[in-house]
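Here is a walk through the aromatic side chains of one protein model. Please look at the sequence and the structure before reading on.

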Amino acid sequence: MFRNIQWKIAIPFILLIVGSMGILGIYLTNFARTTQIDNLRSHLEKEARVTAEASLPAFLGQVSNLDVLAKKLGKEMDARVTIIALDGKVMGDSEEDPSIMENHATRPEVKEALASGRGESTRYSTTVGQQMMYVAVPITNQGKVIGVARVSLTLIAVENSIGHVTLVVSLATLSTAMLAMLAAFLIARVTTRPIREITRAARRIAAGELEQKIAVGTRDETGQLARAFNEMSLNLNKLVGEISIEKTKLTTILGAMADGVVMTDTEGKIVLANKAVEKLFNLRQDEMVAKPVIEAVLDHEVDEALKLCLSTGQQQTVQFESGITKRFLRAIAVPIGEGRLAGALLLFQDLTELRSIQTMRRELVGNISHDLRTPIAGIKAMVETLRDGAIDDKQAAGDFLTRIDSEVDRLTQMVSELTELSHIETGRTEMRVAPIDLNRLMEEVIAQMNPLAQKQQVSIATELATTLPMVRADKDRIRQAVINLVHNAIKFNHPGGRITISIRSDPESITVNISDTGTGISAEDLPHIFERFYKADKSRSKGGSGLGLAIAKHTIQAHGGKIWVQSKEGKGSTFSFSMPLKIVLNTDNIKI
């Protein structure tokens, strides 16, 4: 209860009010008692002086019986009256027989009255068995003291009066205390209501409900606190919203990045990692967080670069081959913060494809150099032979010219493929789209490739669809893509082998399958078969630049289609591509 600010405010006020009322009650009780006793004392003194005057004639011999006088006065005054001689002998008493009463010369009030002219005493009376107040005055005659008149009353009336006053004051104090408690409770509750509302709102904010507003009903400090809280809540909600937007942007950017990003603390432990890192190192993010970088990447060169970055505050770069995924990576360690570092940012770039492309480009240059050198050397040798006189031999000249023509065709094909690749890479390839009949196109390709197939002793069969819808496409480019696929099927087949071209259609697309019974493709080469410059035949025995399949892939994809291959080494291959029947085109010229 005392932890509640409402009670911390109310209880001190309640204690203050109750304490004040208690002190006031004690004062009033004492004041009433003193006042009552003073009044009683004054009353008794007056009655004692009346008794002294009334008893003077008896002392002078004019009245013989003082006891009768005492009893009469006591009845009239409703008090106990005692007349005492100068020697202390009781001459008359309104309550008792004077003859049996003790000598009163030693009574304090009697002694004081004889000494000072007035005496007073409050004590328990054994005669009447009650607390009594005694007031005595001297009886004088011409300035000479001849006796003492004493009047006394019980203090019961005074005590009753004091008790009544005490009861009234106690009830008033209790009632006031109760009202004060209620008032203090209500005032404290009203005063602390904004604080309670702020507390509840703060708890809701802590639970994630940021849009909180408190009604402001006053202009005092609590009202100012409520207004300040509303401003804080509004600014906090706005700030959290902006942070959430920025976090979403950052998460989206990190998730979309192809490069791996790792954030570390000053000790080199991982704080954050994006999806690309998970792919690069085959680890889930929860498996990497709070672990040292070296436990995730398992490479000491990266660890050394990170430590050097954290110690020097300078960017570090290292290239390494991941032992986990067998990828060639570049790691860039960048310090976070200036002066006192907050950690480091590790950027992992996958250079595997770039390295592979560079390797393939080098191989391409070598292949092209070899493939160009051979026909050019052959053409030069045959031209020199003709120049040396063989031109006069019609049969030899004809043979040489045929061979020169074949070599020129090979050179033309190579140049054509290189030109096509250049167009693809620079985005300058254009398509002229029109409705075409794929059945008829396949027949044209077979007619064109049959001489080469017969030369290689390979047969070509077809399984064409009887009813095939027209498809919008660039006929020349689709023809070249199919020629490339069929040419590969012939080139990598065995003498006596077979090629089957089939077409199937459904309501959404047309699928073309070109199957052969040739050498097949190894599992190692299969994922790379459509890459530019890639040649599954590492020897140059089959010729070619390694661009035909890459060109076919880009051609089919430019038409919104897909191309794929299924193959087992030694058991032949099936190249397939599909084209959608509904292609949305804005113009007849489209850049790949």
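In this predicted model, four aromatic pairs are counted, where ring centres must lie within 6.5 Å to qualify. One of these pairs joins F320 and F348, whose ring centres are 6.3 Å apart. Their planes meet at 80°, and because planes over 60 degrees apart count as edge-to-face, the F320–F348 pair is given that label.

Where do the two rings sit in the fold? F320 belongs to strand β8, residues 316–321, while F348 belongs to strand β10, residues 343–350. The two parts are 28 residues apart in sequence, so the pair ties them together. F320 has a relative accessible area of 3% and is buried. F348 is buried as well, at 1% relative accessibility; the cut-off for that word is under 20%.

A second edge-to-face pair is made by F530 and F575, with 6.0 Å from centre to centre and 85° between the planes. F530 comes from the loop between β15 (509–516) and α14 (548–558), whereas F575 comes from strand β17, residues 573–580. This pair therefore ties together parts that are 45 residues apart in sequence. F530 is buried, with a relative accessible area of 14%, and F575 is buried with 6%.

To return to F320 and F348, these residues form one aromatic cluster together with F281.

One further aromatic ring has a charged partner: R123 lies over the face of Y134, at 4.2 Å from the ring centre.

Methods:
Residues numbered from 1 in each chain as written. Predicted model: local features only at pLDDT ≥ 70, side-chain atom pairs only at ≥ 80, totals over all residues. Heavy atoms only, no water. Phe/Tyr/Trp six-rings, centres within 6.5 Å; stacked < 30°, edge-to-face > 60°. Helix = DSSP H or I, 4+ residues; strand = E, 2+ residues; numbered from the N terminus. Buried < 20%, exposed > 50% of the residue type's maximum accessible area, 1.4 Å probe, protein only. Lys NZ or Arg CZ within 6 Å of the ring centre and 35° of its normal.
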